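Open the structure in your viewer and keep the selection tool at hand. The stops below go from one selection to the next.

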Amino acid sequence: MNITLDNISKAYRNVKALDGVTCRFQGGEIFGLLGPNGAGKTTLIRSMLDILRPDSGSIAFDGQPISGAVKRRIGYLPEERGLYRKQKIHEILEYLAMLKGLTFKEARKRTKDYLVRFEMLDQAKRKVEELSKGNQQKIQIIGALLHEPELLIFDEPFSGLDPVNMRLLKDFIINLKNEGRAIILSTHQMNQVEELCGHVIMVNRGRVVLDGRLDEVKRSFSDSAVW
Ligand code: ADP
């Protein structure tokens, strides 16, 4: 999937959260979305997801505006974590899959497949509240990707994961890239960006201040303490 943002602006009262953002994401690539707190990353992501409407500018997915069909091709892991605590893991995942258009039968199969891939099948019948924080996070990650979206947006996906699960998720993300999916990774963990991202887009005060291949960006900043 190709996603094009053209001159997006969004203001909250007197704050320009996005101020003329133009950028492009495409399949087969992991994009690091970087920038300090308050830079506009969440506003950018929410605009892409149609959770909020920019004041001006346009966003196109393979040349088309956002629609229900487009939304079903997107997966999103928000930074705020939260699942219904009393519900069973497999029920939550089946429900999320059906929200994205899968039949109950498909949703059940997909849920099982993904629980196996994330080494969580033995937890399927437990309630969310009985799981460790890290395992709850894994369930939320599975929920973002079990409908096999073409665009995946992960906001701080590694926070709270132990090294084994971090490796599992990284390998999974690399696999998604190799399958041709577009991945946007918003994180402050620069070591993860270096390891995973081929391309970085940095925003600050609602503007794109850096947009390029990681190796080029690193070369031009080779004397900077940032890297
Ligand atoms: P980031 O995700 O990079 O931390 P945000 O997109 O959340 O940045 O925020 C960008 C700017 O917009 C910040 O100055 C923030 O305070 C402001 N902002 C974000 N959401 C709202 C809102 N709902 N109401 C008012 N201001 C907001």
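Select Ile142. Setting aside neighbours within four places in sequence, this residue is in contact with Leu93, Tyr114, Leu115 and Phe118. Keep in mind throughout that the model is predicted.

Now widen the selection to the core. The largest nonpolar core has 41 residues. Ile142 is among those that touch the most other members. The others in that group are Leu115, Phe118, Ile139, Ile141, Leu145 and Phe154. Colour these seven if you like; two of them, Leu115 and Phe118, you have already met as contacts of Ile142.

There is another core to find. It is separate and has 23 residues. Pick out Met1, Phe25, Ile45 and Val70, which are included in this second core.

Go back and select helix H5, residues 133-145. Its 13 residues reach 19 Å from first C-alpha to last. That is close to the 18 Å expected at 1.5 Å a residue.

Is H5 mostly covered or uncovered? Mostly covered: twelve of the 13 residues are buried. The buried stretch includes polar and charged names such as Asn135, Gln136, Gln137, Lys138 and Gln140. Gly134, Ile139, Ile141, Ile142, Gly143, Ala144 and Leu145 are buried too.

What do the buried residues of H5 pack against? Show two strands, E5 (74-77) and E6 (151-155). Then add three helices: H3, H4 (104-117) and H6 (163-178).

Stay with H3, which spans residues 89-99. Select Leu99, which lies in this helix. Leu99 is exposed, because its relative accessible area is 54% and the cut-off is over 50%. Add Tyr84 and Tyr95 to the selection. With Leu99 they form a nonpolar patch on the surface. Together the three have about 360 Å² of accessible area.

Next, check the loops. Select Arg13, in the loop between strand E1 (3-12) and strand E2 (15-25). Its phi is near 45°, a positive value in a residue other than glycine. Arg13 counts as exposed, because its relative accessibility of 86% lies over the 50% cut-off.

For the last stop, select Arg205. Which strands flank its loop? They are E8 (199-204) and E9 (207-213). Phi of Arg205 is near 50°, again positive in a residue other than glycine. Arg205 is exposed as well, with a relative accessible area of 69%.

Key. Residues are numbered from 1 along each chain as its sequence is written. This is a predicted model: local features need pLDDT of at least 70, side-chain atom pairs count only at pLDDT 80 or more; totals for chains, interfaces and linings use all residues. Side-chain values use heavy atoms; hydrogens and water are left out. Patches are made of residues with over 30% relative accessible area and no salt bridge: like charges are joined within 9 Å, nonpolar side chains (Val, Leu, Ile, Met, Phe, Trp, Tyr) within 5 Å. Accessible areas come from the Shrake-Rupley method with a 1.4 Å probe; for residues, only the protein chains shown count as cover. A salt bridge is a side-chain nitrogen of Lys or Arg within 4 Å of a carboxyl oxygen of Asp or Glu. Helices (H or I, at least four residues) and strands (E, at least two) are DSSP runs, numbered from the N terminus. Buried means under 20% relative accessible area, exposed over 50%, partly exposed in between (1.4 Å probe, protein chains only). A nonpolar core is a set of buried Ala, Val, Leu, Ile, Met, Phe, Trp, Tyr and Cys residues joined through side-chain atoms within 4.5 Å. Contact means heavy atoms within 4.5 Å. The expected span of a helix is 1.5 Å times one less than its number of residues.
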